[in-house]
Structures are given as structure tokens and as C-alpha cells.
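Me: I would like to go through this protein in short questions and answers. Please show it first.

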Amino acid sequence: MLFLIQIDAQIRYSIPEEMRKGSLIGNVAQDLGLDIKRLRSGRARIVTGENVQYAELKTDKGTLVVNERIDREQLCGDVTPCSFTFEILLENPMELHPVTIEVLDVNDNAPTFQSKHLDFEISELASIGSSFDLEAAGDSDVGQNSLQEYVLAQNNNFVLKENVNPDGTKFIQMVLQNALDREKQSHINLKLVAVDGGSPQRSGTVNINVVVLDVNDNAPVFNQKIYKASVTENSPKGTHVVTVNASDIDSGANSEVTYSFSKSKASVADFFEINEITGGVFLAKELDFEKDKKLEFRVEAKDQGGLTDTCKVEIDILDVNDNAPVVNVMSFTSPVSEDSPVGTTIGIINVKDFDSGENGQVRCSVEGNAPVEIKSNVRNYYALVTNAPLDRESLSEFNITVIASDSGKPPLSVNKKFNLKISDVNDNPPVFTRALYSAAITENNSPGYSLLNVVAKDADENQNARVSYILEECDIGGSPVSGYISVNSENGVVCAARSFDYEQTKEFVCVIKAQDGGSPPLSSNVTVKILVQDQNDNAPQVLYPVQTGGSLVAEMVPRSADVGYLVTKVVAVDVDSGQNAWLSYKLQKAADRALFEVGLQNGEIRTIRQVTDKDAVKQRLTVIVEDNGQPSRSATVIVNVAVADSFPEVLSEFTDFTHDKEYNDNLTFYLVLALAVVSFLFITCVVVIISVKIYRWRQSRILYHSNLPVIPYYPPRYSDTLGTGTLPHVYNYDTCRTTDSRKSDIKYMQPMSQSLLDVGGNDPEAQQIEKQFAGSNMSTLNGS
């Protein structure tokens, strides 16, 4: 996969040095065929490994302008042609356009001599044609603007001669043209002028002082004209480089030779030292291969008479691996989305090593097991690309360490660390902590009762991890589930929306959905099972004997019945379940307890002794039916038993009972009516008395006091117009009335108590008994 597009075409501009900042270099957009919009959208910029950026890219115009003053001599020295190269980098897609700027020389430097004057001591016996090396002038300019010629001032003894080395470099000598005569002229003063070829022309001058020595007719001679040596860079000061040797066939003091650096290149003294006696050359300071790869200079041997000879010394500087690679970050993107495909470019770096050969060969790698690798298909440029899928939930951020090392011995390396953050995408649905939730609740609960709490976790972050809980729609017994329970969308608390009735709903199942806040949202479901537990909230219901309001039903027992005779059976049911539905039967009240008993479990009424003639015909039994709940509930039933052998006997007894019942009913009615009339009169009197009291009080306030606000007075617990009665709460009352007012009853019921369920039935057996006693006008009496 290519991450970077390198354009083979290279544009080149030529500009003179010393141009002002902002001067136009060229129209890059036009020359590269790029649109101005492409430069802006691609965030076009100049990429250079140098510390100084000489050019600036104007993306709004597509032009290159001078950013810093360019001094060709400072930039390139003697190298010609002088140029510098940089790349224009565009993104989306990435493109690399190399640009070369050639800097043309202008004649802004005059030739200069390092020495202010040159001193020579020459024997008067020096032969005609003897040559003397002169210091070369330096000119930082190149080409036509560089040093072109030397001019020696007019004199009678010396002329100027230019010589060319095999490598093309020039050096000048002063050649003796006419013999010297110390007796005529012991000192000769000359001027040497160096002239360049620029326009306007520039020049430099140095004075030459010649002292004529007496009588020394043999000059020293080097045993070789060129000395070659090599030294590694960074060698310590004082390291021996080479030894030159010259001999003089003269004898005595005239044969003693001293060595010195030739004045042709005075700057060599900054790098080397020479032993004047032995001719040994030593380092004066450490050398740097990256600045100077080769140094050349001349050594002069001179005897005591002033005769000299020169030789050339060439020093090759050997590179050592003393420069670690340099890593420059071109671009780096963080954070990166976790759904980025494998091969996504997250950064571009530029790596350089200023050493040469193997010492300058660089290789890059990524340390550790980060899901990133290095790729390169452009010189010195490397891309950081992903080599595995990213998952923020597994690794939200990690460090990338790039190691750049060269091939030197020992190799040098540098580390560059990057911190890459992974941004979240909504790729994880919420997950419930349990596969199934269940809760149990006792019936008759209060609406809003908290049943359970469902919890779902989302491995994403921020909005993508914000979980909302939703109750999925479904029907329970034909009604929507929202009528049974509700769920808090924020915390997942499930609450009852109604009071449950076990007899109607014993259990139900629903589904709750957890949905995150991502886009698009992700969700998961969980099943919730609600179990309704029974509560003893239903009293037993008597199915038989059937209680009727207008007639009296009685069971008939013959007087010949033996012990254990089955009179009847009380049948009752309880709609509760479990132990709340276990029923027990007890005989609460009977005219003759020694005659009848009730089965505790089956409700069967049997005789417990032999029936005799003394036993009354009318027998009234009150049976109570209780369940086994806590607290227990009960129901009562009255069973009328007729102890007789024939129907007429039974009819006569129950007829009297009917007349008594009618009399009692009438008496009760009149008593209630009288109580209502008396209560009404009492209340009316109280209201009238209070009204009179208030009226008199208001009149007294008007007659004897000033006009102050009237404050009414209400007796304690008096009912005001706002409806605050003398009873602070609402109470329920259950009234049971009979024909006999003495047997009427009123029962106070607690709030929220359960009402007894009246059951009416059409039992065939009960109807048959009722037909047998038709016309008797007997009624059944019910009690609580």
C-alpha cells in the first residue's frame, strides 16, 4: 500500500543571492500544474531538514518567495553551482514535490589577504629565477566574480608568476628577475594587488618586505614534492600526522633548516602545528569529516641564509561514526479512530545521518509490540502505519517508540517516542450483568414499589456508553405490560405500576431493552420474570347451605336419628392459595351443643348423641369457617335444623318464628326513624344557638368598639366550610340489620380492609329444601 506519492518531475529556480525578504522566486502552482484549491486543501507546506528555511510558500497565490536573506558564500562556500533543495508536501493524498533553488553569485566580496604584510629574507647570492611563494588572496565569490589575477607593483628585481597544481588550483610565486645587491639595496618594499572579475571590479592589497641577506648560495631541497597522509576525524589534539624532510648541502649554520607553513594558505595553522626542527606535523584541534573531507597545504624549508624550498602536503580525513541519526517529525495524527482500517498512515518522519558510507546508512524499526510498523518508499522518509485492527476497549492509548540506527561500528541510534490515543466508536452493545432477572412481590402492594434493578454495562465511553432502559411492549392478559410495571430509563429500577392481585395474575414475563447513546445506537434485551406471592386477603366463601334473604331453609333430622347421623355438610372455598386456603370448621353457637358437632376439616354436621323427644324442634347452629392465613380470615353461616318426624310439626314451629320476625322488623324500622328525627332536631337547635351567639357578638363589637377587623370564633372541632369535619380520617363501617333491633350490629372496619365477597348460587339441593318449606315466611338471620 502506497502512503506517499513522489513526483518524478523536479522544478528548479535560479535566483541571485542577497535578495530581499519577500522577493518572488517562482510560481510553484503554475509550474507543478497544481490548483490553488489543492494547495489549501492539501495543507501544502515546505519540508526541509535544515535549521534555516530560506523559502516560503504562499498557498493563497501558489508562489515561492524569499523567507530569509541568502548568502551564497555562507551557504555553499567554494562549491559551485550553489543550490539547496527542499520538498513541498501535500496531504490527502500525500504528494512530495522536490524543488531546487540555485543561488547565483554576485560580486559582494573583495579579494582579501589574511596577512597585512609579507616578510622575506633573500640572500644576495640568490640565483636569477629563484621563486618565492606568496600568500594567496581569498575571495568568497565564485565564477567571474572570484579572484582573477594578481598584479605586482613595478620593480627592478622581481616579477610575478602564476602556477597551476595538477588538481587545477593556482598558487603564485615571486621570481627573482635581476640579481640582488645588498650593498646597493638591503630592503625592497613591494605591493601585491589581487583583482577579481566582477562588475564593479574589487581588489585587495598586501605589502611585501624583502630583506637582502648576505652569502648563502644553496637552498634546502625536500626529498619529495608531495606528502600524503590520512587521519581520522575527532583525533585528539597533538596527534602526529606526517613528517616532512628537506636537506641543505651547505655546511655549518647555512645547512641548518627550519620548517614552517607556507604563506600560500595561512589558515592551515588553525588545524595543524609543525615542529620547526624535525618537520613533524601535528593536529592543533580536532577535525570534522562532515566539514572538511580533505586538507591541502604547503610546507616551507628555510636555511639560515634565507634560502627556501617548498613541498605540498595532502591530508585525507577519515570518517568515523560520530553522528547519530536525526529524526524530524513531518506529521503525526492523534487520536485515531478505532475503526481505522489496517494500513492507515498515522505519521511521517524524516531521518538523516550526516556521516558517510555505512556510517550514514539508516534503518528504522518500531520497538515493542505496538500495532504499528515502519514503511518507506521515498528516500529518508518513513511512514508509521497500522498493521492490526485497533480496539479502544482493549487499548485506549499506547506509546510508539521508533528506533533509528546507522550501520557504523559501533552503531549509533536515537529513539523517538509518540503517544497515540484511540478515539471511540460505538461498536459495543450494552451487556446485562445477568441473563435472566426475576423478582417476587407480595400481592396488594403499593403502586411504585421497587421490584428489582436491571444493570447493563457498555464497554464504550462517553455518549456511546450512556445506557437507557426501555420496557418492550407486550400484552399480559390482554393489557399492556406498561400497566403492570415501569422501568427507570436512567438507572434501570423496575417498579410496580399497580397493586397486584395473586388471584388474577400469578406471574408474568416481560423484556427490557438496554440501548446506548451512540449513533446508530446499539441495544440488547433481557428477560424479566415477576412472581406474585399470595397474601391472605380473601375470606372463605360459603357455597352451601345457600343463604337467602326471603326464605328460611332448614335441615330436617328425625327423632329416631342415631349418634353420628349426618345432618348436612357446610361447603366453603377460599380463592387464596397454599395455607391461606386451608379451611377449618368450628361450631360457634348452638341451642344445644351436646347434640351436634362439626367436622374440623370436612364441615360435616353430625349428631353426637341420640335425639330424644325433649329436644326442641327448632335448632339454630352458627358455624364459623376459618382459613390458615396470618392473620386468619373467617366466614359464618347459620344452619337451621328441624328436629321432627313430620313436615306439619316443623311448619307450625317455624310459622311462629316468622310472625316474630315480622314484628321485630317493624319495631326496628320505627326505632331507626325516631332516632333520625331526634338527631335532626338536635343539630338544628345547635346551629340556631350558635348563629344567635355570633350575631350578638358582632352587634356588641359594633356598639362598643372601634372599627377593627372582625375575627369569627369557632368552637373546638366545629366543621368549617372547607370540609374539615370532626372526624380527622375516613373510616369504613359495616352495618348488619335484622328484624329484631336488639340483634342489629354495627362493626368498625379498618381502612383498606378487605370486604367479604358475597356469593349467590343456584344450588339444586337448596332449591329443593326451599320448596318443602314454601309458604312458611321464615328468614335466615346472618351475623358476622
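Me: Is E56 buried, partly exposed or exposed?
Reply: This is a predicted model, where local features need pLDDT of at least 70, side-chain atom pairs count only at pLDDT 80 or more, and totals for chains, interfaces and linings use all residues. Residues are numbered from 1 along each chain as its sequence is written, and side-chain values use heavy atoms, with hydrogens and water left out. Buried means under 20% relative accessible area, exposed over 50%, and partly exposed in between (1.4 Å probe, protein chains only). E56 has 26% relative accessibility, so E56 is partly exposed.

Me: Which residue does E56 meet in a salt bridge?
Reply: A salt bridge needs a side-chain nitrogen of Lys or Arg within 4 Å of a carboxyl oxygen of Asp or Glu. Here the N to O distance is 3.6 Å. The partner is partly exposed, at 31% relative accessibility. The partner of E56 is K58.

Me: How many residues apart in sequence are D133 and R298?
Reply: D133 and R298 form a salt bridge, with the closest N and O atoms 3.6 Å apart. D133 lies in strand β10 (residues 131–133) and R298 in strand β23 (residues 294–303), so the pair ties together parts separated in sequence by 165 residues. Strands are DSSP runs (E, at least two residues) and helices are runs of H or I (at least four), numbered from the N terminus.

Me: Is R298 buried or exposed?
Reply: The relative accessible area of R298 is 15%. Its partner D133 has 6% and is buried. R298 counts as buried.

Me: Which residue forms a salt bridge with E461?
Reply: The closest N and O atoms of the pair are 3.5 Å apart. E461 is partly exposed at 32%, while its partner is buried at 9%. The partner of E461 is R392.

Me: How far from D458 is the nearest side chain of opposite charge?
Reply: Lys and Arg count as positive, Asp and Glu as negative; His and the chain ends are not counted. D458 is buried yet has no salt bridge. The side chain of D458 does reach the backbone nitrogen of D460 at 2.9 Å. The nearest side chain of opposite charge is R392, at 7.0 Å.

Me: Where is V677?
Reply: V677 is partly exposed, with a relative accessible area of 43%. V677 sits in helix α4 (residues 647–704).

Me: How many salt bridges does the structure hold?
Reply: One of them joins E56 and K58. The total is 26.

How values were computed: A polar contact is a pair of N or O atoms within 3.5 Å; within protein, one must be able to donate a hydrogen and the other to accept it, and residues adjacent in sequence count only if both atoms are side-chain atoms.
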